[in-house]
Amino acid sequence: MRVPFDRAWAFLTDPTRLHLWTVDFALAPPEPRGETFRVRTPRGELDLFIRADHDTVVVDFHFGRDGQFRCSPSRLLRTGDGVLYLFTQFEAPGATPGQFENLVANVRKELVILKSLLETP
């Protein structure tokens, strides 16, 4: 994406912006709940926190219920004229047939949305 690193970093590490770019996840701005955020999703509410480290370019999304969290790791890398955003999608244990493929398709859509949002002045 042709966008300054700091602009992309600020956007991606702000949980309250998830609803602007995620597909089939955050239905509204996540609400702060102490050290986590409450996210309304099509499958119910989840708790979320982001572990981000500017020096190592880590942006890991942790989400779950009742203190049990899964992680969706991502990285934001500097390139010569912008950034490269890498997002890892894991297949959940017990996933139904086609579920993983749907999640990967959603990530593709999210990357298009992110590019559009971040490259628009």
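Which residue in β3 is the bridge partner of R38? That partner is D47. The views below come from a predicted model.

**View 1. Six strands make up an open sheet.**
The strand order is β1-β2-β3-β4-β5-β6, and the pairing is antiparallel. β1 (31-33) and β6 (82-87) stand at the edges. Each of these two has a single partner strand, so one side of each is left without a neighbour in the sheet. Neighbouring strands are turned against each other by 30° on average, direction ignored. In general, strands of a sheet pair through backbone hydrogen bonds, either parallel or antiparallel.

**View 2. β1 and β2 meet in a hairpin.**
Two residues lie between these strands. G34 takes a positive phi near 70° in this hairpin. The pairing of β1 with β2 is antiparallel and covers three bridges. One residue to find here is E31, whose bridge partner in β2 is R38.

**View 3. β2 continues into a hairpin with β3.**
Here, too, two residues separate the strands. β2 and β3 run antiparallel, joined by five bridges. R38 can be followed across this view: E31 is paired with R38 in β2, and R38 has D47 as its bridge partner in β3.

**View 4. T36 sits in strand β2.**
This strand covers residues 36-41. Is T36 buried or exposed? T36 has a relative accessibility of 18%, so T36 counts as buried, because buried means under 20%. Beyond its neighbours within four places in sequence, T36 is in contact with E31, D47, L48 and F49. Two of these names are familiar from the hairpin views: E31 is the bridge partner of R38 in β2, and D47 is the bridge partner of R38 in β3.

**View 5. β5 pairs with β6.**
β5 spans residues 68-79. Six bridges join β5 to β6, and the two strands run antiparallel. Look for R75, whose bridge partner in β6 is L86. Helix α1 (residues 5-12) packs on the sheet. α1 touches β3 (44-53), β4 (58-65), β5 and β6. The direction of α1 makes about 170° with that of β5.

**View 6. P73 is placed in strand β5.**
P73 has a relative accessible area of 14% and is buried. Which residues does P73 contact, leaving aside its neighbours within four places in sequence? They are V59, D60, L86, F87, T88 and F90. L86 also appears in the previous view, as the bridge partner of R75. I50 gives a distance for orientation: the C-alpha atoms of P73 and I50 are separated by 9.7 Å. Along the chain, P73 and I50 are 23 residues apart.

**View 7. Helix α1 packs with helix α3.**
Helix α3 covers residues 99-119. The two helices pack at an angle of about 125°, with axes 11 Å apart. That angle makes α1 oblique to α3. α1 passes α3 in a right-handed crossing. At the contact, α1 contributes R7, A8, F11 and L12. These meet L114, L117 and L118 in α3. By class, the contact has six nonpolar residues, one charged residue and no polar residues.

Terms used. Residues numbered from 1 in each chain as written. Predicted model: local features only at pLDDT ≥ 70, side-chain atom pairs only at ≥ 80, totals over all residues. Heavy atoms only, no water. Pairing = 2+ DSSP bridges. Helix = DSSP H or I, 4+ residues; strand = E, 2+ residues; numbered from the N terminus. Axes fitted to C-alpha atoms, helices over the stretch in contact; angles between N-to-C directions. Contact = heavy atoms within 4.5 Å. Parallel < 35°, antiparallel > 145°, perpendicular 65-115°, else oblique. Left-handed = near helix turned anticlockwise from the far one by under 90°. Nonpolar A, V, L, I, M, F, W, Y, C, P; charged D, E, K, R; others polar. Buried < 20%, exposed > 50% of the residue type's maximum accessible area, 1.4 Å probe, protein only.
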